[in-house]
Amino acid sequence: MQLIINTKKVDNPLAVVALSLFAMCVIAAVLSLIIFVVLPLIGLFVSGMLAVLFIVITPIIFWLVLPALKISIIAWCFGRFSK
């Protein structure tokens, strides 16, 4: 088993195994950082933005749209009786 790093040949099989194990550990650390830190932060940001939108849009619907809709329905229903 041979490994060439920066034009130096590594002949020791134990060193080759140690270097490949180190490389796999670095890749695993980067992947775990992405999976367990970056993705939850993105999820928190997205859910926070959705919550803010919900908090802003819900009062507008309840205070502005629904009363006008109810008044329109009542006027439409009782407008037929008043004719």
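**Close-ups of a long-helix model**

**View 1. N6, out in the open.** At a relative accessibility of 70%, N6 counts as exposed, because anything over 50% falls in that class. Like everything in these views, N6 belongs to a predicted model. Its place is the loop that links β1 (3-5) to β2 (8-10). Now look for S82: N6 and S82 are 76 residues apart in sequence, and their C-alpha atoms sit 94 Å from each other.

**View 2. The whole chain.** What order do the elements follow from the N terminus on? They run β-β-α, so to speak two strands and one helix in total. The C-alpha trace spans about 100 × 20 × 20 Å along its principal axes. For a compact globule of 83 residues you'd expect a radius of gyration near 12 Å, yet this chain has 32 Å. Just 4% of the 83 residues count as buried. About 7,500 Å² of the chain is exposed, and 82% of that comes from carbon and sulfur atoms.

**View 3. Helix α1 from end to end.** Helix α1 takes in residues 13-81, which makes 69 residues. How far should those residues span at 1.5 Å each? The expected figure is 102 Å, and the end C-alpha atoms turn out to be 96 Å apart, so the two values agree. The helix does have a bend in it: about 35 degrees, at I61.

**View 4. The N-terminal end of α1.** Here N12 acts as a cap on the helix. One of its side-chain oxygens lies 3.2 Å from the backbone nitrogen of L14. A little further on is A15, which is found in α1. Is A15 buried or partly exposed? With 23% relative accessibility, A15 counts as partly exposed, because the cut-off for buried is under 20%. From A15 to L3 it is 12 residues in sequence and 9.1 Å in space, going C-alpha to C-alpha.

**View 5. G43, further along the helix.** G43 is another residue of α1. Its relative accessibility is 37%, so G43 counts as partly exposed. Pick out K9 as well: 34 residues separate G43 and K9 along the chain, and their C-alpha atoms are 46 Å apart.

**View 6. T58 and its contact with F54.** T58 lies in helix α1 too. Why does T58 count as buried? Its relative accessibility is 18%, and buried means under 20%, so T58 makes the cut. Which backbone atom does its side chain reach? The partner is the backbone oxygen of F54, at a distance of 2.6 Å.

**View 7. Two cysteines and a search for disulfides.** C25 has a relative accessible area of 45%, so it is partly exposed. C77 is partly exposed as well, with 32%. A disulfide is a covalent bond that joins the sulfur atoms of two cysteines. How many disulfides does a search of the whole structure find? The count is zero.

Note on methods: Residues are numbered from 1 along each chain as its sequence is written. This is a predicted model: local features need pLDDT of at least 70, side-chain atom pairs count only at pLDDT 80 or more; totals for chains, interfaces and linings use all residues. Side-chain values use heavy atoms; hydrogens and water are left out. Helices (H or I, at least four residues) and strands (E, at least two) are DSSP runs, numbered from the N terminus. The expected span of a helix is 1.5 Å times one less than its number of residues. The bend at a residue is the angle between axes fitted to the seven residues ending there and the seven starting there. A polar contact is a pair of N or O atoms within 3.5 Å; within protein, one must be able to donate a hydrogen and the other to accept it, and residues adjacent in sequence count only if both atoms are side-chain atoms. A disulfide is a pair of cysteine sulfur atoms within 2.5 Å. Buried means under 20% relative accessible area, exposed over 50%, partly exposed in between (1.4 Å probe, protein chains only). The radius of gyration is taken over C-alpha atoms; the globule rule is 2.2 Å times the number of residues to the power 0.38. Accessible areas come from the Shrake-Rupley method with a 1.4 Å probe; for residues, only the protein chains shown count as cover.
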